[in-house]
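Subject: Structure for you to look over

Dear colleague,

I am passing on the structure we spoke about, and below it I have set down what was found, residue by residue where that seemed useful. Please read the notes with the coordinates open beside them.

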Amino acid sequence: MSQDPWLQNYDATCRLVQEIAENIHERNRQQRTRGNPAKINMTLRASLQKLKQNINQLRESLLRASSSRRIMQSEADRRQNLVDDLVTRDKQLNATFKGDVTQPEPSRSTLMAGGEGGAAANPWLVNEPEETRGLGFSAIKQQQQRIVEVQDAGLDALAAVISRQKLMGQDIGNELDEQNEIIDDLTHLVDKTDDRIRNETRRVKLVETKSASCGMLVVIVLLLIAIVVVAVWPT
């Protein structure tokens, strides 16, 4: 599984921080030995500018990922802490580069250069988070990969639940379509039955009218017959 691009950028930024700290240490060494640190100073200025850009990119990328809910809130908070730590280290590196800070005890924070006495402070080791204290880049990377794997497993489980819900919704939609078709058929049958009832009613009325007319004709015929019989009957 490929690593999260944000974590890759974070690892690259961490390596840049370490590189800047080592260059500051080398610059200070040359100053103590009356060397010419001009070239290192130019490199440091460019590296510090790139560090600031990387931190801004990490912050913006984290904001987009958090807003679009591509990562869980707990992971967003953890990454925000990492970005805040990088911001603090950036300030410490700039202060150390400008010579505005006092060197701490060598036993507390020295550059990874064999622990020699009198070494310049390594801002990388100041305010180390508890979850990464004492861990190297490889261990931190493995820890982050495990966290990402757990998140991926959670997302896969969530995707499975959403898929089941989608299938259930489709089944319900199909059943509703069938029910609507049955209702449409019943409506059509009711309309046809209503039309047939109206037609039969008109026929019954027509038959009743004809029956009444026939009855009147029979009565008239009988009356005529009676008149004729009375007229021709001898007195």
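I begin with N54, which lies in helix α2. Please bear in mind throughout that this is a predicted model. With a relative accessible area of 12%, N54 is buried, and, if its neighbours within four places in sequence are left aside, N54 is in contact with T13 and L16.

From there one comes to the nonpolar core. The largest such core has 25 residues, and those with the most contacts inside it are W6, Y10, I20, L51, L86 and L93. Three helices, α1 (5-32), α2 (38-67) and α3 (73-98), each supply at least two residues of this core, and the largest share, nine residues, comes from α1. As a general point, nonpolar side chains tend to be buried together in soluble globular proteins. L86 may serve as an example of the contacts: not counting residues up to four places away in sequence, L86 touches Y10, T13, C14, V17, I55 and L58, and T13 is thus a residue touched by L86 that is also in contact with N54.

The charged pairs deserve a separate look, since side chains of opposite charge can pair when their charged atoms come close. The count comes to eight salt bridges. One of them joins D90 to K52, with the closest N and O atoms 3.4 Å apart; because D90 lies in helix α3 and K52 in helix α2, this pair ties together parts that are 38 residues apart in sequence. The two partners are covered to unlike degrees, in that D90 counts as buried at 5% relative accessibility, whereas K52, at 39%, counts as partly exposed.

Two further salt bridges are found within helix α3. R89 and D85 meet through their side chains at 2.5 Å, N to O; these residues are four apart in that helix, about one turn, and both of them are buried. Salt bridges that share partners also join D4, E75, R78 and R79 into one network. Within that network, E75 forms a salt bridge with R78, the closest N and O atoms being 2.9 Å apart, and, being three residues apart in helix α3, E75 and R78 are separated by about one helical turn. E75 counts as buried at 1% relative accessibility, and R78 likewise counts as buried, at 16%.

Two annotations from UniProt, both from an unreviewed entry, can be set beside the model. The record gives a "coiled-coil region" covering residues 41-68; in the model this span is 96% helix and 0% strand, and its end C-alpha atoms lie 41 Å apart. The record also places a "transmembrane region" at residues 212-233, where the chain is 95% helix and 0% strand, with the end C-alpha atoms 32 Å apart.

Finally, there is a nonpolar surface patch of about 600 Å², made by V218, V221, L222, I225, V229 and W233. One of these residues, V229, is found in helix α4 (residues 137-232) and, at 41% relative accessibility, counts as partly exposed. You may wish to view this patch together with the UniProt "transmembrane region" at residues 212-233.

With best wishes

Notes: Residues are numbered from 1 along each chain as its sequence is written. This is a predicted model: local features need pLDDT of at least 70, side-chain atom pairs count only at pLDDT 80 or more; totals for chains, interfaces and linings use all residues. Side-chain values use heavy atoms; hydrogens and water are left out. A nonpolar core is a set of buried Ala, Val, Leu, Ile, Met, Phe, Trp, Tyr and Cys residues joined through side-chain atoms within 4.5 Å. Buried means under 20% relative accessible area, exposed over 50%, partly exposed in between (1.4 Å probe, protein chains only). Contact means heavy atoms within 4.5 Å. UniProt positions are given in the numbering used here, feature names are shortened, and annotations may be inferred rather than shown by experiment. Patches are made of residues with over 30% relative accessible area and no salt bridge: like charges are joined within 9 Å, nonpolar side chains (Val, Leu, Ile, Met, Phe, Trp, Tyr) within 5 Å. Accessible areas come from the Shrake-Rupley method with a 1.4 Å probe; for residues, only the protein chains shown count as cover. A salt bridge is a side-chain nitrogen of Lys or Arg within 4 Å of a carboxyl oxygen of Asp or Glu.
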